[in-house]
Structure formats: structure tokens, C-alpha cells
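Please open the structure in a viewer and keep the sequence panel visible. The tour below proceeds by selections, each followed by a description of what is found there.

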Amino acid sequence: MKEVLLRLEGLLFLSDPEVAVMSAEDDGEVFWIGVTRKSAGAECPGCGRWSNRCHGSYLRFPADVPSAGRRVVLRLQVRRFTCADTSCGRKTFVEQVPGLTRRHAQRTDRLRSALAEVGLALAGRAGARLADVFGISVSRSTVLRLVDAMPDPQPPSPRVVGIDEYAMRKGRVYGTVLVDVETRRPVDLLPDREATTVAAWLAECPGIEVVCRDRAPFFAEGASAGAPTAVQVADRFHLWRNLGEAAERCVSRHRSCLRTPFAVPGSESVTTPQAPEAGASPWPKGHRFADRTREMHAIVHGMLGEGRSRRAVARELRMTYRTVQRLADAATPEDLFQGQWQSRRTKLDDFKPYLRERWAEGCTNAWTLWKEIQTHGYAGGYGAVRAYLRLFRDAVPGGRPPSPRTVASWILTHLTSFRRRRG
Ligand SMILES: [Zn+2]
């Protein structure tokens with residue numbers, strides 16, 4: 001029997017030199033383990049003096065981590081000692097097993113930390129339910145209390161800190177949230193959005209090198225006062241938004257200029273479309289794809305003209321080498337349209353003269369025209385008709401002018417991202 005208890009000591013308490021297993025008993029529901037502490041005395045928690053003057057003993061029954069589907073409860077014999085220091089405020093004290101028990105605790109330390117982890121993952125109600133599956137009876141509020149008692153993890157002092165406001169009551173009460181920009185984790189919440197509060201917080205973190213903020217004056221003041229040596233960076237989001245709004249306002253003021261974007265001055269061809277005749281470019285000015293191709297053609301030739309290699313151009317514009325080669329080999333952008341798009345015969349070709357004629361008569365509805373050529377034997381889809389008629393639409397005034405927002409986005413979009421957006 002003695003040997004079995006020693007084995008249990010090793011198994012359940014990893015041969016803790018403080019713990020002696022005295023008995024083990026299984027009543028079918030609970031596995032009871034009789035435990036005592038080996039040391040002859042204990043340290044007074046009040047004054048730290050060692051005492052071995054035993055005043056009495058009693059039993060405690062802390063629950064331990066379940067084993068083999070059974071609840072495990074320790075039958076822990078603890079002694080009460082008299083403090084050896086007569087000036088100590090505690091006359092007597094109860095011994096604790098370090099790493100296993102603490103004052104007034106009804107659970108061993110390892111069961112407490114296991115439940116706290118469950119609580120962290122699932123919170124109170126679900127945590128208590130899962131614990132019950134493993135044979136630990138616990139209330140949801142106890143699970144939350146154990147989580148609450150966990151020591152707060154000390155976040156590393158941030159180097160780059162982001163400051164923004166958050167709403168406790170939207171439109172009424174705002175606080176300040178501080179985020180470690182490098183780990184993308186919130187670091188702290190401040191109860192208001194006052195410059196002094198922000199400054200006081202920043203002053204306590206000496207390692208801050210960069211402060212990212214929006215353009216609110218209280219953050220600017222707070223950052224200057226609390227971290228005078230840190231670089232202040234305005235949020236890219238706010239800069240972009242301000243710039244975007246300014247560009248859109250500016251374009252809006254010139255809205256009237258957008259009315260007749262593709263009109264040929266003095267031309268009387270309002271209803272005579274600049275339709276693709278044989279041999280002409282099928283991509284008139286004002287067609288989005290054609291314009292971009294022309295633009296990229298000009299950029300690539302410009303860069304090559306400055307003496308850069310094709311490979312360098314491809315790298316800089318983030319294009320494939322093949323695309324750069326194609327643009328570089330074409331003397332004019334029209335060459336690019338010719339080979340690829342014009343030589344291919346489509347089902348629509350035979351009906352194009354008819355469509356041109358009808359357009360000239362004033363019928364510009366793609367659906368109507370599609371129905372009409374179907375009666376003449378056209379077997380293709382509506383999409384091809386619509387795409388062909390769009391060339392007419394883009395070529396004549398009266399086509400819809402681009403919105404100020406669209407024009408603003410053209411102004412703000414970097415040329416190299418055209419390709420990415422198209423792809
Ligand atoms: Zn004492």
C-alpha cells in the first residue's frame with residue numbers, strides 16, 4: 001500500500017517534496033486523496049518568520065483536476081501554527097502548500113488556472129457548461145471571477161503607437177484608444193479625449209518613436225506634449241479622404257467642362273456615328289480601354305526613349321515583360337488594336353452596316369436593334385451588339401459624361417495601378 005501511495009505522489013503531484021499522499025479512496029463518484037504537508041513548520045505570511053509551534057490542525061477539501069472521469073477532491077490536513085514573533089499582527093496562521101493551495105480557495109491552483117483558461121476561451125456560461133462535461137461543477141460567475149483574478153499580461157512597450165477616438169455612447173461620450181501599430185493590438189483605453197490625458201499616457205512610455213494620429217487638435221497637442229521627440233504621422237486614411245474630397249469638389253466646380261467630352265468642334269455628325277469603317281481604328285478616342293492602351297503606349301515609349309531597358313520598364317510599371325514588349329514593338333497604339341481585334345471576323349460583321357444605318361436614323365436602343373437583326377438572321381448574343389453600339393455612343397456627344405467622382409478617381413489613381421485594376 002505504501003508503495004502505491006508513493007506512486008500516486010509521483011503521478012498526481014510530480015513528487016513535490018512538500019506533499020505527502022497518505023490515503024487514496026474511490027467511492028464510485030469522487031476520488032478522495034488524503035494529503036499532508038511534509039515540512040515540520042511554516043513561514044508566517046505576516047512577518048515571514050519560521051514557526052514550528054503547532055496550534056492545531058483541521059481538514060480542508062479543495063477540488064483538484066478530475067481524473068479518469070472522476071471528480072478528485074483532496075482531503076488535506078492543514079496545521080495552524082502560532083507565530084514566533086510576539087510583535088506580529090497575526091497570532092496564528094494556517095500553512096499552505098505552495099503551488100497547490102491558497103487562503104480560502106476551494107480549488108487547487110491547477111484547477112483554478114485550468115478553469116480560467118476555459119473561461120478565457122469560452123467566457124462564463126459556455127465555460128461552465130464545458131467544465132461540467134469534464135466533471136467539474138462550477139458556476140458561470142465563478143468562471144468569470146477566476147478569469148478576472150488572472151494577472152493582466154504586461155503588453156510590451158510600443159514603439160509605434162496609433163491614437164484614435166472610440167465611442168462609449170455614439171455622438172455623446174468619447175474615449176481614446178491606443179494601438180500598438182506594429183503588433184496591431186490595442187494597448188490601452190483612456191476615459192476621455194483630452195490632450196492632457198493623452199500627454200500623461202505618452203509620457204509614461206519612454207520608448208515611443210512614432211505617433212500615428214488623425215488630425216484632431218487634442219491628439220496633436222497631446223502627442224507634442226507627451227512625446228516631444230516622437231515623429232507624428234497623420235493617418236493615411238484621413239489624408240487620402242481629404243485629398244479625395246478636395247479633388248472631387250474641384251472637379252465638381254468644373255462640371256460644365258465634362259458635358260461634351262468627345263465632341264468634335266464644328267462637326268455636324270451628331271447622329272452620324274464615327275463608326276468603325278473598314279481600315280479605320282475600331283477604337284475611337286474616348287473609349288476607355290483604347291485610351292488606356294494609348295496612354296500606356298506613350299508611357300512605355302517615353303521611358304524607353306530615356307534609355308531604360310524593357311526589363312527595367314516592366315519592373316517599374318509592374319507589367320509582365322511580354323506586355324512591355326508588345327507595347328514597345330508597336331510603332332503606334334493603333335497597331336495594337338489592328339492585328340488582334342480587327343482581323344477577327346465575328347457573327348456581327350454582316351449586320352454592322354445595318355446597325356450603322358439604323359443608328360443614323362436615330363434608333364440607338366441596343367435591345368431593339370438586337371431584336372431587329374435577329375429577324376434578319378443574326379445568331380449572336382445581345383452583349384456583342386451592345387458593345388458595338390457603345391463605340392457609337394462614346395464617339396458622339398450626348399453620351400453620358402463621367403461623374404466628378406469618376407474624374408477625381410482618375411486624378412488620384414497612380415498610372416501603374418491601372419494594370420492591376422484591369423487585371
Ligand atoms: Zn508572524
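Which strand gives the most to the lining of the second largest pocket? Strand 8 does, with three residues. Before this pocket is examined further, please note that the model is predicted.

**The whole chain**

Begin by displaying the entire protein chain as a cartoon. Its secondary structure comes to 15 helices and 13 strands. Of the 423 residues in the chain, 37% are buried. Among contacts with a separation of 6 or more, 50% are between residues 24 or more positions apart.

**The second largest pocket**

Next, select P45, V94, E95, Q96 and R103. The second largest pocket holds about 270 Å³ of space, and of the 14 residues that line this pocket, these five are the closest to its centre. Now add strand 3 (42–43), strand 5 (54–60) and strand 8 (92–94) to the selection; each supplies at least two residues of the pocket lining. If the lining is coloured by class, five nonpolar, three polar and six charged residues appear.

**The zinc ion**

Select the zinc ion and display the side chains of C44, C47, C83 and C88. The SG atoms of these four cysteines coordinate the zinc ion at 2.3 to 2.4 Å. In sequence, the donor residues follow the spacing C-x2-C-x35-C-x4-C. What is the geometry of the site of the zinc ion? The site is tetrahedral, with angles of 98 to 116° among its four donor atoms. For comparison, the ideal angle for four tetrahedral donors is 109.5 degrees.

Two of the donor residues may then be viewed with the surface switched on. C83 has a relative accessibility of 5%, so it counts as buried. C88, with a relative accessible area of 10%, is also buried, because buried means under 20%.

**Two loop residues with positive phi**

Move to R184, in the loop between strand 10 (173–180) and strand 11 (185–190). Although R184 is not a glycine, its phi is positive, at about 60°. Is R184 buried or exposed? R184 is exposed, with a relative accessible area of 74%.

Then select R318, which lies in the loop between helix 8 (310–317) and helix 9 (321–329). Phi of R318 is near 55°, a positive value in a residue other than glycine. R318 counts as exposed at 54% relative accessibility, because exposed means over 50%.

**Helix 5 and P217**

Select helix 5 (residues 217–226), where P217 is placed. At 52% relative accessibility, P217 counts as exposed. Draw a distance between the C-alpha atoms of P217 and A195: the two residues are 22 residues apart in sequence and 8.2 Å apart in space.

**Helix 7 and H297**

Finish at helix 7 (residues 288–305), in which H297 is found. With a relative accessible area of 7%, H297 is buried. Which residues does H297 touch, not counting residues up to four places away in sequence? Display L327, A330, A331, T332, P333 and L336 to see these contacts of H297.

Technical notes:
Residues numbered from 1 in each chain as written. Predicted model: local features only at pLDDT ≥ 70, side-chain atom pairs only at ≥ 80, totals over all residues. Heavy atoms only, no water. 1 Å grid on protein atoms, 1.4 Å probe; cavity = no way out; pocket = protein on both sides within 12 Å on 5 of 7 lines; lining within 4 Å. Points joined across faces, edges and corners; volume = space filled by probe spheres on them. Helix = DSSP H or I, 4+ residues; strand = E, 2+ residues; numbered from the N terminus. Nonpolar A, V, L, I, M, F, W, Y, C, P; charged D, E, K, R; others polar. Donors = N, O, S within 2.8 Å, 3.2 Å for Na, K, Ca; no water. Tetrahedral: all angles 85-135°; square planar, octahedral: opposite > 155°, others 65-115°. Buried < 20%, exposed > 50% of the residue type's maximum accessible area, 1.4 Å probe, protein only. Contact = heavy atoms within 4.5 Å.
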